[in-house]
Structures are given as structure tokens and as C-alpha cells.
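Subject: Structure handover

Hi,

Here is the structure for you to work with. My notes follow below it.

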Amino acid sequence: MPRPCHSGGVTDTDFASKLLAWYGIHARDLPWRLPPGAPLPDDPAWSYRVWLSEIMLQQTTVAAVAPYFATFTARWPTVTALAAVHDTEVMGAWAGLGYYARARNLLACARAVVADHGGRFPADEAALRTLPGIGSYTAAAISAIAFGRHAVVIDGNVERVVARVAAIETPLPAARPAIRTATEALTPKVRAGDFAQAMMDLASRICTPRNPRCDACPVRDFCRAADLGIAETLPCKVAKAARPVRYGIAWWIESGGQVLTITRPAAGLLGGMTALPSNEWRETASPNTPPLVAAWRDCGVVRHVFTHFELQLTVRAAVIANPSGLAGQWRSVDSLADAGFPTLFAKAAARVLANPLPFPEAA
């Protein structure tokens, strides 16, 4: 059982008050936030911005998300505008942000909000969870931050803070029910949105995974793990198995200053994204069977980590004289930076462009 979330007669209400007071002074200035304590706008564009930021921030850092958020909100300032865009345009704008299923769900969700909710996000958590790409955490975050509803918002950062405050030593994921119970006890009935964002800022600035700054923590008096000297050891995690490796080959096919690109199938990894032609990624070294006869040049190996495996992608390049009969889209070499390559294929293209010696023509 977890230890109490407070000690010495201090109440959970005191925890929220202390944290919110700190947040009022130290809140991060982020483009998708209001100042602490500010009234919530009665404007569907506000909930759209909260939703968009939450989807972008999944498994991605604030620093990485900020420029993408600015681009999206400038090009598509409302959920209605986003819903009307062609898939390839959004996938291209998302390129480089990773976890591309989020972009496909982003469009599906925008279209569902327009079709089923009149272009306004619902405020209720249960209704939000019915929308594509919105799980329990995201629904709670939107409900609390965009609409001021009382909701218990728990992501990995909040898990870390609460596991320490309550000194929950059960390893994850088994600890999650106890963490939820403790978080429910700490979450105030009012200003739940500010409280959720304060917890995230605390996790980012003070209660960090390594070397937590317990001496600077505004809620240090409530933290059982700090009392016990075990803060940095929590939350406990079961050791992960080694990430498996897969292998593949990408083909740079150039003709007349243009490079052949393809659009990957909608289903599967990097679905709907612009890419270089490649073979199937396998658990053993891929057969070196090029798509055409040419004088191929090896350009090295690109390593890229996905959620469940590491990919080692060999890059091979050739210039051909006759491009007829090849399916795909031809793009000028100079325009590849705007092609919307995901990071993997941007790395592969960089391998070729880093050594721009002329290739021999195909026989």
C-alpha cells in the first residue's frame, strides 16, 4: 500500500495551494497556454489549440513541438480549417515530428469534431474519449485545461511526481492504480487545468527524472520520498527487454536532377508519408535486390529508433538515364527539403547529399 500523500497534519488542499502559488510565479510561457488563473475563452479555437498541443506533445518535447504548433495554427487556425485539408498536406507539415499515427488521427479527429460536434470540441471526458487519437490522459487534459472541468490528469511526468510524493515503491505499471488514487486526492476541485499544468512544470523544472531539485521544490514538505531519501529511485520500473533490430534498404534513384519519391501505404509505420523507395524491413539482413539494373553506390547505413525496434537502413544510390516505367513522384534534388520526408528518410537523403560526387550512369 502507498504511504499517505501528506504528513504532519498538512492537507492535500495545502499541497494544491502551495503548488498553484509556485505556478503563478514560475509557469512556463508556452504558446498554447493562458497565464495562470486567466479566465477561459468561450471560443472553439481555444479548445482546438489545447487539443492540438496535447496531441503534438505526446512522446515529444516542448522544444520540438513549439515550431510545429506555430506552423499548424498559422496555416489552420481552427479545427474546421484543419478538417478540410488534404491528408498529404498535413502529413508533410508533420514530417520530422515523429509518431506519425498521431498525424493520421489528428485529421480523423478534426473531421469527427466537425461532422459530429459542429466544429466544437466536447467538454466532457467521456465524449472526448470517443474521438480518434484521444485516450484517457488527453481527454482529461483537454477537459481540465480547455474547459476548466475537474479531471484527474496523469501522464508520465505526473506519475513521477506522485510516486515520489506518496513514496509508492511498487514498480510500474503495477503502481498505476495507487498513483491514480493519490493523484485524485491531490487534484483540487477548482483550477484543475492550472493544477495539471503546474504538475507538468514541476516535473520539468524541479522533480526531474535524475537529480531532482528537492531543495527548491515548493511541495517538499509533502514528499514522503524526499523524507526517506529515495526520490531519485522513484518511480520504480521493470527493466525493459533489449529493443530488437530490423534491417532494410532505401533506394535513391536520380535522373536529370530529380529523385524518385513514393507515398508510403496509409496503414503501417510512416503511413501516408513521402519517402524514398525501400524494401520490406526484416529481422535479418535484407536481400540486396534493387528495383532496377543500375550502377549502385553504397552510401552507408542510417540507424533510427522506433518505439518497438531499431531500424538499420542501408542507403544505395544511382543515376539513371531513362526514368520511364517507375511509379512514384519525381522531385528536384533542390526541393527535397520541402518534400515532407519523415526523419528516417531525411537522414537517408542526407547520406547521399553529403557526398555529391557524380554517379556513373546506368548501363
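Start at the hairpin of S1 and S2, which has 2 residues between the strands. Gly 256 sits in that turn, with a positive phi of about 55°. Strand S2 covers residues 258-263 and runs antiparallel to S1, joined by 2 bridges. Glu 254 has Val 259 of S2 as its bridge partner.

Before going further: this is a predicted model. The protein chain has a mean pLDDT of 91, and 94% of its residues reach 70 or more. Take note of residues 1-10, where pLDDT stays under 50. For that stretch the model has 21 contacts beyond four places in sequence.

**S1 and S5**

Strand S1 spans residues 245-255. Of its 11 residues, 8 are buried, so S1 is largely enclosed by the rest of the structure. Besides S2, S1 pairs with strand S5, residues 310-319. These two run parallel, and 10 bridges join them. Two opposite positions are handy for orientation. Gly 248 faces Leu 313 in S5. Trp 252 stands opposite Ala 317 in S5.

S5 is also largely enclosed by the rest of the structure, because 8 of its 10 residues are buried.

**S4 and S5**

Strand S4, residues 297-305, pairs with S5 over 7 bridges. Here the sense is antiparallel. A hairpin links S4 to S5 through 4 residues. Val 302 has Leu 313 in S5 as its bridge partner. Leu 313 is thus a useful place to look: Gly 248 stands opposite it, and Val 302 is bridged to it.

**H3 and H5**

Now the helices. H3 takes in residues 62-75, and H5 takes in residues 87-94. Their axes come within 10 Å and cross at roughly 150°. Angles over 145 degrees count as roughly antiparallel. That makes H3 roughly antiparallel to H5.

Which residues make the contact? From H3 they are Tyr 68, Phe 72 and Arg 75. From H5 they are Glu 89, Val 90, Ala 93 and Trp 94. By class, the residues of this contact divide into 5 nonpolar, no polar and 2 charged.

**Where to look**

For the strands, follow S1 to S5 along their parallel pairing, then S5 to S4 along the antiparallel one. For the helices, open the contact of H3 with H5 and begin at Tyr 68 and Trp 94, which are among its residues.

Best wishes

Key:
Residues are numbered from 1 along each chain as its sequence is written. This is a predicted model: local features need pLDDT of at least 70, side-chain atom pairs count only at pLDDT 80 or more; totals for chains, interfaces and linings use all residues. Side-chain values use heavy atoms; hydrogens and water are left out. Axes are lines fitted to C-alpha atoms, for helices over the stretch in contact, and angles run from 0 to 180 degrees between N-to-C directions. Angles under 35 degrees count as roughly parallel, over 145 as roughly antiparallel, 65 to 115 as roughly perpendicular and the rest as oblique. Contact means heavy atoms within 4.5 Å. Ala, Val, Leu, Ile, Met, Phe, Trp, Tyr, Cys and Pro count as nonpolar, Asp, Glu, Lys and Arg as charged, and the others, Gly among them, as polar. pLDDT is the predictor's confidence in each residue, from 0 to 100. Buried means under 20% relative accessible area, exposed over 50%, partly exposed in between (1.4 Å probe, protein chains only). Two strands pair if DSSP finds at least two bridges between them.
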